[in-house]
Amino acid sequence: MAKRVTSRTSASGGASNPAVAQALDLARQQGAVMVDYKFVDLPGAWQHYTTPIGHFGEHVFTDGLGFDGSSIRGWKTIDQSDMLVIPDPTTAMMDPFAQVPTLSLICSIQDPITREDYNRDPRGVARRAEAYLKSTGIADTAYFGPEAEFFVFDDIRFDQGPNFGFYHIDSNEGRWNSGREESPNLGYKPGYKGGYFPVPPTDSLHDLRSEMVLTMLQSGLDVELHHHEVATAGQCEIDIRFCPLLVCGDRMMLYKHIVKNVARKHNKTATFMPKPLFGDNGTGMHTHQSLWRGNTPLFPGSGYAGLSETALHYIGGLLKHAPALLAITNPTTNSYRRLVPGYEAPVNLAYSQRNRSACIRIPMYSSSPKAKRIEFRCPDPSTNVYLAFAAMLMAGLDGVQNRIDPGEPLDKNLYDLGPEDRALVPQAPGSLDETLAALEQDHEFLLRGGVFTKDLVEAWIEYKRTNEVDAIRLRPHPYEFALYFDT
C-alpha cells in the first residue's frame, strides 16, 4: 500500500510546519531508503531525480536541491541553468511502483539567486492562480473535477525519418482483430464506437482499471468511478472527485503516473494522446468547475439551468476567451483530430443544460446546490493540467469581473439545425496553429495578478510552433502517398 501525508497545510517550511514533520515521520516509519523529487516541465510531463535518504532532512524543504534547468523542455538557457526544486511536504507519499522503499515528493521551482518562484514552472502558475482568486474577493476556492480518458494498447510502434514515417497500433480487443487467428479467437471485440459500458468479457480491461483505481485510492486520490469508453481497442475513463485547483493538478499528475505504470506492469501501454485511432472516438478531459466562498457554493441561483449570475458570467468568460484558451487546454496538433466539426466533438462555442454538442454543459444530475457546476468539454488530457486549470479559472474570472454575457443557450441538437442556423453558432479553432494565433492576440486576461507572465506565454507559443506545428507541417503525411503518389 502506498502511504502518504494525510493533511495539506503550508507548502514549505521547517520543523515548525506539521506537514514537514509528517513527511519526515512517513519516511522513517516506512523505512524509506530513497527520496524521489518530481516536477513538471513546460509541456506537462513529470520529471524527477532521486537521492539516498541520508541527504533528506528538514533543510530540503527550505533550502531546496539544485539541478540543471537548461535540460528541461521550454525552460532556461544554458547560461541561466541553475535552479532549485522546493518539495511540497503535503505531497509526501511512498512510491507505489519503486522496488526499493522510496518517498515521493512533488516540487515547485525557484531561482537560486533571487529565491523567487520560477515564472515558467507550471505548478507555480497554479499556486499564483489560487492566490489571485483570493485577492479578487470573488471566491476563495476554485474546484476542478476532470474526467480524463485514455487508451490502453497491447502494442505500439512508430518511427520517422527522411524517407519514411509510420505508426502501428494493436489491441487485443480492437475490432480490427475480429478475424485474427488467435487459437482460439473468442470474439468479444467492442465495435467501433461501441465500447460504452459493456460488461466483461467484452470489457476486457475491467480488472486492470480496478487495479489502477485501488492504486490511486492507496495513494490518496479520491476516485468516483471507472468504465470502458466509447471507442474500441481499450478506451477507458477513471474519474477522480473534484478538489481545489492546485491539489487537482497534483492529483492528475499522479493519476497519469499510476495509469501508465499499472498498464506497464501488465505488459500493456497507456496513452493520453487525444486521437490515436482513425474513425473512432477521441480522448477528452471534460472539466467540471465551480467557485466557492467558504462553505458556500457561488454557482447555484435562479437563472438558466439553476445558475447564478456569477456562474453565467464565468461561462461568458470561458466562451469569450475559448479560441485562445484552447492553445493551453488542447495544446497538441493531434488535439484537433478530435475537435472536428460534424463529428459530435464539443466544438460549438455555446452553453447548454444537458446538451453535449455544446462546449459548455451544465450537468443536471442533482438538485443539490453544492453539486451545481459547469462542465467545459473541450479540454483533452494531453494538456499541462496546472496551466489548463489556471487558464480556465482566469478566463472565468475575467467573465465575472467584466460581467460578460454568455448569450443565449444552445438547447437544440446542433445536428438538427439547418445550415443557416448552424452557421450562427461560433466554432472552436480548427488547428493548433490557429489557436496559438488567438492566444498571441488574447492573453491579457492570463497576466492579471502575475499568474501567467508575458515571458511564459511567449515561450509557450514559440515552443509549440517550433517543436510541434512546424515539425508536423514540414513532414509528408503517410496518407498523402495514397492520395498523390500516382499523380
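Leu-432 is found in helix H10 (residues 432-441), where helices (H or I, at least four residues) and strands (E, at least two) are DSSP runs numbered from the N terminus. The model is a predicted one, in which local features need pLDDT of at least 70 and side-chain atom pairs count only at pLDDT 80 or more, whereas totals for chains, interfaces and linings use all residues. Residues are numbered from 1 along each chain as its sequence is written, and side-chain values use heavy atoms, with hydrogens and water left out.

At 2% relative accessibility, Leu-432 counts as buried; buried denotes under 20% relative accessible area, exposed over 50%, and partly exposed the range in between (1.4 Å probe, protein chains only). The C-alpha atoms of Leu-432 and Leu-326 are 8.3 Å apart in space, although the two residues are separated by 106 residues in sequence. Contact is taken as heavy atoms within 4.5 Å. With neighbours within four places in sequence left aside, the contacts of Leu-432 are Asn-330, Pro-331, Thr-332, Thr-333, Tyr-336, Lys-464, Glu-468 and Val-469.

The largest nonpolar core comprises 125 residues. A core of this kind is a set of buried Ala, Val, Leu, Ile, Met, Phe, Trp, Tyr and Cys residues joined through side-chain atoms within 4.5 Å. In soluble globular proteins, nonpolar side chains tend to be buried together. The residues with the most contacts inside the largest core are Phe-56, Leu-103, Tyr-255, Leu-291, Leu-393 and Phe-452. Helix H8 (residues 385-401) gives the most to this core, with 13 residues. Another core, of 6 residues, lies apart from the largest one and includes Phe-151, Phe-153, Ala-231 and Leu-277.

Beyond four places in sequence, Leu-103 is in contact with Ala-23, Leu-26, Ala-27, Ala-32, Met-34, Val-35, Asp-36, Phe-56, Ala-92, Met-93 and Met-94. Met-34 and Val-35 are also touched by Thr-51, as is Tyr-37, when residues up to four places away in sequence are not counted. Thr-51 lies in strand S2 (residues 46-52) and, at 13% relative accessibility, counts as buried.

A search of the whole structure finds 1 cavity of 30 Å³ or more. On a 1 Å grid over the protein atoms alone, a cavity is a set of points where a 1.4 Å probe fits but cannot get out, and lining residues have an atom within 4 Å of a point. Grid points are joined across faces, edges and corners, and a volume is the space filled by probe spheres set on the points. The volume of the largest cavity is about 40 Å³. Its lining consists of Ile-328, Leu-387, Leu-439, Leu-446, Phe-452, Leu-456, Val-457 and Trp-460. Helix H12 (residues 454-473) supplies the largest share of this lining, 3 residues. By class, the lining has 8 nonpolar residues, no polar and no charged, with Ala, Val, Leu, Ile, Met, Phe, Trp, Tyr, Cys and Pro counted as nonpolar, Asp, Glu, Lys and Arg as charged, and the others, Gly among them, as polar. Phe-452, one of the lining residues, is also among the residues with the most contacts inside the largest core.

No disulfides were found, the search of the whole structure giving 0; the criterion is a pair of cysteine sulfur atoms within 2.5 Å. For Cys-236, which is in no disulfide, the nearest cysteine sulfur is that of Cys-248, 20 Å away. Cys-248 is likewise in no disulfide, and its nearest cysteine sulfur, that of Cys-243, is 3.8 Å away. Cys-236 is buried, with a relative accessible area of 0%, and Cys-248 is buried with a value of 0%.

Cys-236 is also one of the residues touched by Arg-209. Arg-209 lies in helix H4 (residues 206-218) and counts as buried at 1% relative accessibility. Not counting residues up to four places away in sequence, the other residues touched by Arg-209 are Asp-203, His-226, His-227, His-228, Glu-237 and Ile-238.

Several backbone features fall in the loop between strand S9 (164-170) and H4, where Pro-184 lies. The peptide bond from Ser-183 to Pro-184 is cis, with omega near 5 degrees. Ser-183, in the loop between S9 and H4, has a positive phi of about 50 degrees although it is not a glycine. At 61% relative accessibility, Ser-183 counts as exposed. Lys-193, found in the loop between S9 and H4, is not a glycine but has a positive phi of about 60 degrees. A cis peptide bond also joins Pro-200 to Pro-201, with omega near 10 degrees, and Pro-201 lies in the loop between S9 and H4.

Notes: 1 Å grid on protein atoms, 1.4 Å probe; cavity = no way out; pocket = protein on both sides within 12 Å on 5 of 7 lines; lining within 4 Å.
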